[in-house]
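Open the model in your viewer and keep the selection box handy. We will hop from stop to stop, and at each one I will say what to pick and what you will find.

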Amino acid sequence: MSEEADTSALVAQLRAAAAAFTESEADLARVFETMSADVERARNERLPIFPVIHHSPASAVHMVRWLRERRPKIVFMEMCEDLVALKEDLRDCTLPVALQAFAGETQGFPEHWTPLSVVAPLTEFSAEYQAMAYALQHDDVELIFVDRSVDHVFQWADRSEDPETPVHDTEEDEEEARLHGAAVGVEMGQVAPTFVEFREFLLDNARMSRFEEWTSLYIEEPTIGANAATYREILFMVGSLFRRLGSTPHDREEIRKRDRFMWTRIKQALATRDVAPEECVFLCGAAHAVDDDCREWGTDNPHQYDISEPSGTNWLYGFIPSSYGAIELQFGHARGAVSLSESRWKKACKTWNIEPFTIDRKKKARKKALVPKAPAQLSLQMVLTAPPELAEADATELVQWCTGVVGLARKNRYLASTADAIAIYETSILLARMRQRKRPSPFDFIDAAETCLEKGAPPGRRNIRQLCNRMLGGDRVGQVGYNSLPPLVQNIYDRLAILGISAQTRRVTRVLMDFTQEPEKRAASRLLWRLNWLTGGTRVARPIMGELKLGMEPRQESWDVALHGAEQRAVIQLAFEGVTVEQVLERRLSEDAFGADAKTVTALTAAEGSIILLDSPRLTESLGHRSVDLLKKEVGAEDAEEIFTRIRRLVAHFRTTAHGLPQWASDFVATGYAHYATQLPEAFGDRGTRPEQLAAMLSFVFTLESLALAMGCNRSQLVIAIELASTQTADPEKQGLLWAAEWLVQRKTEDDVRAAFAGILAHPMGRSAFPRYLSGFLQSLSFAPRMASLAVEMLGRAFAELPDRVLLPWMPALLSELRPRQADVLPALFKEAARELPRKLDDLDDWQPSWMAPAAAVEVPTGPVRSNGATEAGRLLFAHREATESWARALGRDEPAWVEPAAPQAHSAEPIVSTRSPQASAGGDLLRAHPASTEAWASALGIDATWQEPAAGAEPTDSSRARAAAELLAAHPDAVEAWGRQER
């Protein structure tokens, strides 16, 4: 077939494809004329334009060939112009990595965009990396980035919308796929049509579901073996087609703005250098390789674009590790597309003896240079219409894929066999023929494997599609070298060198530290704790054994340390905030405490963190005073529990230090006492305040009361607040808390509280609410542990007297309430319950709790008992009988019958009755008859028992000996009766 016939056939195919969009012959002719003019103008431009596709092995192969043949002196590249400063640091990196620009604080951009981040990932098989490696290998070659700066990326973004960021699927995305975070990605060579109808038309006619598959079949494979001229013409045509028909008006306008920017920078660079445009090369995406009403396009015109000034935002630049999964997620590629590109790149280099450019210091140069094979001289029509045959090597590769995925599926608990491998092979060929191609692509193989092996839900973590992607190349994670790291990360590696961790470490390192044997490692331990706090949620530094608390120095620790991949990126991000880890930590703590949304608990947490992690008294004092100021302005009790827990822990810590309690901590306690005491009435009456929060307020007030009173607070404020609260609350749980508070301020006795509970329990309608009263009362044990005995009693009464319809629904809630209070409430309850329970199991049947046992009878004396004071009063009344009788007549009483009282008898001790009763005389005789027993009892009671016999015929008197005997007899009546029976 002649060349004209081939061209006619190609034009006929293009007309058939274009006719699907329009029936107008004029429109169709204009499309072909425009595409032809675009290709012709791009090919005739004095500055050689080299169109590329993002991470395309075909583009990389032809880039290497072009650079080795043409050896340009200047390489212009479609890349953000301010990222070019990072090119030298690329030498120490292991690909894939991403160039990053970061701004934590911005000027002229919406606040909700902050922080701003831009990444530009690089892989070895990308044309841009090959051009950069070529420029870095040759000192006489200059590399110039000419695309808009990262500042202009956001200047040109729509202010009504957030910058386009990747959407993470937390269920399917691997951790390495989220390496770029929320950064905006910039890529060179984006060819996917943004015009949805156009893209769907291409995929439907090709019987494909992914655009990467269309690109691989119709661009990658046909052009990778063609010559450079044919490759350029195909990319010019694809760029013209996608730019004019496959892009939305908004995207076309953005492409024109970028063209104006790039060609302006190219003209400015050529004007200042003595280099002809023919001695340079311009790498750009296929869409930028053609002209679309852009007057700045080309080097033969003087037009230049008026570039706006930067916004004033301070941008920081560096590298972060990247991965194939992160690139796919960032730019919306199909999973496994980048891995497949790497496979094709390696296969092409081996097939055509291509030696790629590299700047990796670890890779050694070949001793013998490869002799590259000449590409096939294929015409444009042959490339576009003749699909490659199924070669023997491709058939062998397909067999390896089929057997490999079956073996991998078995390891992941799939029921796969050799028959499935055969089925996958045949299905792959069948799918390729159905899609009008002779050679199965990796996408055909993946679809076939999924069809033959996926019978339902995956039995393991990964499905068949994920297993295929892993087998075909898997993911690859880059590493930023030591010399390319910012100073903060270099400092981290230097300080962790004592643990055997370096920038070359690519695995998780288990670190064991015994500070009694290796005290020099304690500094590294402190650094790991700081990294753990700063990079929470990552695996940078994960403690396995050991903890860091106030006033505690661990003796041994065990850590898992990972500073590669996603973890290295997390550490690199810290470098945008400071020069050292300590500086970043201090900045973070200050931002937490002094931020616009800061609360008391955040400032208090920051103060505690500064003590534990930094040991900076100046910073701690500043954060502490900030927490006091925030507490004065705090409304409500949402954070009362955490505030109380933290300040109690801090007070206990400071009391063990040499300097004692700092002024800010004392001020915090005093302020909190007055603050919460003032809010108690409102909190008791507010339905939005939960009983747990109210219990925390009372815990703060009563637990830290002694310190607060020492600081000048007045307890009457608390008493008045509780009195006011008694008229506010109607909630049963809060009522139980109120009773405990009233008992602590002595407004109620324990019997009053017991009577209040008994009244609720006795009321038929109150029984259903009794558990709520008791739940609130149990919460009070955190600040009133002496009420534990009464709480145990009330629990016992509840279990004994409440009906099942009330008791059973309450039990789960009771357990749920007690579980988080097992440290402060349960110990007191268990102690009191153990005191009530019987000691032995045998006593359980006859055991009865104390509150259910009958009260013991108390003997009341029958005769009148008169004290010494009453006797003296009787004598006074008898001496003035007339006055007493007058008062009796005035009050309507009978006149008293007077009996003259006995006169008092002086003695050495207190006055007692002057005469002794017959019982006392008999008792004295009994004691004298048994002096040994009497002396033993007197010795036990500490009483003087010196005996003195009375004179013959003398009247017995009340001496000290007699009084002692009387006291002894009165104290031990049972012994007196026993002695009397024995005497009789």
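Start by selecting strand E2 (residues 74-80) and E5: the two run parallel and are joined by 5 bridges. Two strands count as paired if DSSP finds at least two bridges between them. Helices (H or I, at least four residues) and strands (E, at least two) are DSSP runs, numbered from the N terminus. Within this pairing, leucine 143 in E5 is the residue opposite valine 75. Now keep only strand E5 (residues 142-147): 5 of its 6 residues are buried, so the strand is largely enclosed by the rest of the structure. Buried means under 20% relative accessible area, exposed over 50%, and partly exposed in between, with a 1.4 Å probe and protein chains only.

A word on the ground rules. This is a predicted model, in which local features need pLDDT of at least 70 and side-chain atom pairs count only at pLDDT 80 or more, while totals for chains, interfaces and linings use all residues. Residues are numbered from 1 along each chain as its sequence is written, and side-chain values use heavy atoms, with hydrogens and water left out.

**Zoom out**

Show the whole protein chain: it has 39 helices and 11 strands. Of its 984 residues, 48% count as buried. Contact here means heavy atoms within 4.5 Å. Among contacts with a separation of 6 or more, 74% come from residues 24 or more positions apart.

**The open sheet**

Next, select E6, E4, E3 and E8, which form an open sheet of 4 strands in the order E6-E4-E3-E8, with mixed pairing. Its edge strands are strand E6 (184-185) and strand E8 (316-321), and each of them pairs on one side only. Between E3 and E8 there are 6 bridges in the antiparallel sense. Look there for valine 97, which stands opposite proline 321 in E8. Then add helix H19 (residues 566-574), which lies across E3 and E8 and runs at about 165° to E8. That angle is taken between N-to-C directions on a scale from 0 to 180 degrees, using axes that are lines fitted to C-alpha atoms, for helices over the stretch in contact.

**A strand with two faces**

Move to strand E9 (residues 509-514) and colour its faces: Thr509, Val511 and Met513 are on the covered one, Arg510, Leu512 and Asp514 on the uncovered one. In a regular strand the side chains alternate between the two faces of the sheet. E9 runs antiparallel to strand E11 (residues 556-561), with 6 bridges joining them. Arginine 510 has aspartate 560 in E11 as its bridge partner.

**Ring stops**

Which residue lies over the face of phenylalanine 515? Arginine 522 does, at 4.2 Å from the ring centre. Arginine 68 likewise lies over the face of phenylalanine 357, at 4.1 Å from the ring centre. The rule asks for NZ of Lys or CZ of Arg within 6 Å of the ring centre and within 35 degrees of the ring normal.

For ring pairs, the rings of Phe, Tyr and Trp (its six-membered ring) must have centres within 6.5 Å; planes under 30 degrees apart count as stacked, over 60 as edge-to-face and the rest as tilted. By this rule there are 27 aromatic pairs. Pick phenylalanine 109 and phenylalanine 154: their centres are 6.2 Å apart and their planes at 70°, so the pair is edge-to-face. Phenylalanine 109 sits in the loop between strand E3 (97-103) and strand E4 (116-122), and phenylalanine 154 in helix H5 (residues 150-155), 45 residues apart. Both of these phenylalanines are buried.

For one more cluster of rings, select Trp739, Phe757, Phe770, Tyr773 and Phe777.

**Two buried helix residues**

Threonine 264 is in helix H9 (residues 249-271) and is buried, with a relative accessible area of 0%. Its contacts, leaving aside neighbours within four places in sequence, are Glu296, Gln304, Tyr305 and Ile307.

Finish at valine 338 in helix H11 (residues 337-352), which counts as buried at 2% relative accessibility. Not counting residues up to four places away in sequence, valine 338 touches Phe125, Tyr324, Ile327 and Glu328. Turn on serine 56 too: its C-alpha atom is 8.7 Å from that of valine 338, although the two are 282 residues apart along the chain.
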